[in-house]
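Good morning. I will take a few minutes to go through one structure, and I will keep to side chains and where they sit.

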Amino acid sequence: MFKISKVIPLQEEICIVPFGDIHYGNENCRLDKFKRLIEWAIPKENVYLIGMGDLIDCITPKDDRYQADEEDGYTPIDDLKDEITEILIPIKNRILFMLMGNHEYHMKEDGYGDPVKKICKNLNI
């Protein structure tokens, strides 16, 4: 368990927006809608966000749908983590925290690391 301390600048009103179940990497992902949420939040200094998990579609070698890129030795999960991090950079200072979803949990439990922790580390949150 992690203790998180954040100082939010005093404002008349703040808006806290949860986001999750993006499943980036899945063919049914509506990345356009997620990007619209981020673009909406960027200019609004009173908007803070909470990541609710399942940001990326974590398919591990135990899953029949798994495909590795043998040329460079990276799995698609590595690319997905990097790409979702790039999308979140403009609002990184207003993400209060991010939770692990069941997809990330299974990835961690299967010994492939914690993708949420990696994304948070890359964003300095």
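**Salt bridges, a helix face and a few loose ends**

D78 is partly exposed, with a relative accessible area of 24%. Before I say what D78 is doing, please keep in mind that this is a predicted model.

The partner of D78 is K81: their side chains meet in a salt bridge, 3.6 Å from N to O. K81 has a relative accessibility of 11%, so K81 counts as buried; the cut-off for buried is under 20%. Both residues lie in helix α2, three residues apart, which is about one turn of the helix. For those new to helices, an α-helix has 3.6 residues a turn, so residues three or four places apart point the same way.

How many salt bridges does a search of the whole structure find? The search finds three. The other pairs share D32. D32 meets R30 in a salt bridge at 3.0 Å, N to O. D32 also forms a salt bridge with R36, where the closest N and O atoms are 4.0 Å apart. Together, R30, D32 and R36 are linked in a network of salt bridges. D32 and R36 both lie in helix α1, residues 31–41, and they are four residues apart, again about one turn of the helix. As for exposure, D32 is partly exposed at 36% relative accessible area, and R30 is partly exposed at 45%.

Now a charged residue without such a partner. R94 is located in the loop between α2 and β3, the strand at 95–98. R94 is buried, yet has no salt bridge. Which side chain of opposite charge is nearest to R94? It is E45, at 7.3 Å. A salt bridge needs the nitrogen and the oxygen within 4 Å, so that distance does not qualify. Setting aside neighbours within four places in sequence, R94 is in contact with A41, I42, K44, E45, V47, Y48 and L49.

E45 and Y48 also turn up in the contacts of Q11. With neighbours within four places left out, Q11 is in contact with E45, N46 and Y48. Q11 lies in the segment before β1, the strand at 15–19, and Q11 is partly exposed, with a relative accessible area of 29%. For a sense of distance, Q11 and T60 are 49 residues apart in sequence and 43 Å apart in space, C-alpha to C-alpha.

Next, helix α4, residues 115–123. Its buried residues are P115, V116, I119, C120 and L123. Why do these residues count as being on the same side of α4? They cover an arc of only 135° around the axis, which puts them on the same side. That buried set packs against α2, β3 and α3, the last of these being residues 102–109. On the other side of α4, K117 and K121 are exposed.

Last, the surface. I4, M52, F97 and L99 form a nonpolar patch there, and together they have about 340 Å² of accessible area. One of them, M52, lies in the loop between β2, residues 47–51, and α2, residues 76–88. M52 has 43% relative accessibility, so M52 counts as partly exposed.

To recap, we have seen three salt bridges, a buried R94 that has none, buried residues of α4 on the same side of that helix, and a nonpolar patch on the surface. That is my part of the meeting.

Technical notes
Residues numbered from 1 in each chain as written. Predicted model: local features only at pLDDT ≥ 70, side-chain atom pairs only at ≥ 80, totals over all residues. Heavy atoms only, no water. Patch = residues over 30% accessible without salt bridge, like charges linked within 9 Å, V, L, I, M, F, W, Y side chains within 5 Å. Areas by Shrake-Rupley, 256 points an atom, 1.4 Å probe, with all protein chains shown as cover. Helix = DSSP H or I, 4+ residues; strand = E, 2+ residues; numbered from the N terminus. Buried < 20%, exposed > 50% of the residue type's maximum accessible area, 1.4 Å probe, protein only. Lys, Arg positive; Asp, Glu negative; His and termini not counted. Contact = heavy atoms within 4.5 Å. Arc of directions from axis to C-beta.
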